[in-house]
Amino acid sequence: MTKDSNPAPPAHPFLKWAGGKTQLLRQLSQRLPAEIKNGEITNYVEPFVGGGAVFFSLTNKFPFKTRYIFDLNEELILVYRVIKKSTDKLIHELDFLESEYISGSNEDRERLFYSVRDLFNQKKQGINFQKYDPGWVTRAAYCIFLNRTCYNGLFRMNRKGEFNVPFGKYKNPRILNKNNLREVACILNKTSIIPGDFTGCKKYVDNKTFVYLDPPYRPISTTSSFTAYSKDGFSDKDQDRLAGLFHELDKKGAKIMLSNSDPRSENPNDPFFEELYSDYTIERVPARRIINCNGSDRGQINELIITNYR
Ligand SMILES: C[S@@+](CC[C@H](N)C(=O)[O-])C[C@H]1O[C@@H](n2cnc3c(N)ncnc32)[C@H](O)[C@@H]1O
């Protein structure tokens, strides 16, 4: 077989994303509803798409006719939209940044990182995140560049909405993966990408829909920083609102799967999710995760998978 005739590797996340579900894909796919496999479910809805580990994995495998992804993080949604609309221009800009980075000394690389970070933060003011603009291409390139070269591959904003993660000192970071961006663009071409709160998904859900809900983790220890996806975090009130949405979508006849951290890993008497989802199936699966800020405490904890079907 020649190199060109090799099938392209399937699309996968193009950003490193806190809470990404790559590690949990096997457990999640073992618990999909039968209606996805037999083709009765034709619509896919993911209100907390993040880096899209589950979205890409499922859309690579199943030919949903329609799909809708959402996230509150406007910068993330901007990148998804640019990949969909301006793949080649984005590749061109990333190619340039990657060459600059790779050919530089350690000091040059660090200088490039901080000058891109400054530009990224300075330009934020003028952006209308609702309306596509050709200027978004550079911003999306900066965002991917910063994500691949910053410390720990985080995408963290401070209260002012500025990206504030320091330089990562990686020897050989992969800044541009052309083939993957093209595969991702193919999938996004048939996907609606919508910024905003998870409740916005309601009108796209019917009885032929599979909904995967992966909200920010409920912190399992007081030092955990895993609710810091956006500048606003995700409170127990938001978890209540989400349970309300779960009930509503259940009544519409959709098949729903939700994942979250298991608070009982830390406090065996915490019934938070059992109370919110008492009408549904709750399973615990083992997960390995960093459970404190400095990353030193990596222990065995569980993840919850909650479904409205068996
Ligand atoms: C656990 S992450 C999702 C990770 C994703 N499943 C993956 O594999 O990369 C949770 C996501 O929810 C988003 N988010 C936080 N609050 C939200 C809200 N109120 N509505 C919609 N999305 C929200 C965050 O920006 C973050 O991307």
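A residue is partly exposed when the count of other C-beta atoms within 10 Å of its own falls between the exposed limit of 12 or fewer and the buried limit of 20 or more. That cut-off applies to Lys16 and to several residues in the views below. The model shown is predicted.

**View 1. Lys16, in the segment before H1, meets distant parts of the chain.** Lys16 has 14 other C-beta atoms within 10 Å, so this residue is partly exposed. Lys16 touches Gly51, Asn147 and Gly153, leaving aside residues up to four places away in sequence. Leu154 is 138 residues away along the chain, yet the C-alpha atoms of Lys16 and Leu154 are separated by 6.8 Å. Arg148 is another such partner: 132 residues separate Arg148 from Lys16 along the chain, and 7.4 Å separates their C-alpha atoms.

**View 2. Arg148 is a buried charged residue in helix H7.** Arg148 counts as buried because 22 other C-beta atoms lie within 10 Å. Beyond four places in sequence, Arg148 is in contact with Gly153, Pro173, Arg174 and Ile175. Gly153 is also touched by Lys16.

**View 3. Two residues in the loop between H7 and H8 have positive phi.** The loop runs between helix H7 (136–149) and helix H8 (178–189). Asn152 sits in this loop. Phi of Asn152 is near 65 degrees, a positive value in a residue that is not glycine. Asn152 has 12 other C-beta atoms within 10 Å and is therefore exposed. Lys169 belongs to the loop between H7 and H8 as well. Its phi is about 55 degrees, again positive and again not in a glycine. Lys169 has 13 C-beta neighbours inside 10 Å, so this residue counts as partly exposed.

**View 4. The ligand is surrounded by a shell of 23 residues.** Gly19, Phe48, Gly50, Gly51 and Ala53 come nearest to the ligand. Helix H3 (53–61) and strand E2 (66–71) are the elements that each give two or more residues to the shell. By class, the shell holds twelve nonpolar, seven polar and four charged residues. Gly51 appears in View 1 too, as a contact of Lys16.

**View 5. Helix H3 is mostly covered.** Seven of the nine residues of H3 are buried. They are Ala53, Val54, Phe55, Phe56, Ser57, Leu58 and Thr59. Ala53 is also one of the residues that come nearest to the ligand. Which elements are included in what covers the buried residues of H3? They include helix H1 (25–29), strand E1 (43–46), E2, H8 and strand E4 (209–213).

**View 6. The largest nonpolar core has 71 residues.** Val79, Ala140, Ala141, Phe145 and Val211 have the most contacts inside this core. H7 gives the most to the core, with nine residues. Where does the core lie with respect to domain 1 and domain 2? Domain 1 (3–72 + 196–307) and domain 2 (78–179) both give residues to the core, so the core lies between them. For a closer look, take Ala141: beyond four places in sequence, Ala141 touches Leu90, Glu93, Leu94 and Leu97.

**View 7. Asn302, in strand E7, has contacts from two stretches of the chain, among them Asp262 and Arg284.** Strand E7 covers residues 298–307. Asn302 has 17 C-beta neighbours inside 10 Å, so this residue counts as partly exposed. Leaving out residues up to four places away in sequence, Asn302 touches Asp262, Ser265, Arg284, Val285, Pro286 and Ala287. Asp262 is 40 residues from Asn302 in sequence, with 5.5 Å from C-alpha to C-alpha.

**View 8. Two segments have pLDDT under 50.** The protein averages a pLDDT of 90, and 89% of the residues score at least 70. Across residues 222–231, pLDDT stays under 50. The model has 28 contacts beyond four places in sequence for that segment. Residues 291–296 also stay under 50, with 13 such contacts in the model. Where pLDDT is low, the predicted coordinates should not be read in detail.

**View 9. The whole protein contains ten helices and seven strands.** Buried residues make up 36% of its 310 residues. Among contacts between residues at least 6 apart in sequence, 73% join residues at least 24 apart.

Notes:
Residues numbered from 1 in each chain as written. Predicted model: local features only at pLDDT ≥ 70, side-chain atom pairs only at ≥ 80, totals over all residues. Near = placed C-beta within 6 Å. Helix = DSSP H or I, 4+ residues; strand = E, 2+ residues; numbered from the N terminus. Core = buried A, V, L, I, M, F, W, Y, C linked by C-beta atoms within 7 Å. Domains from an automatic or database assignment. Contact = placed C-beta atoms within 7 Å. pLDDT = per-residue confidence, 0-100.
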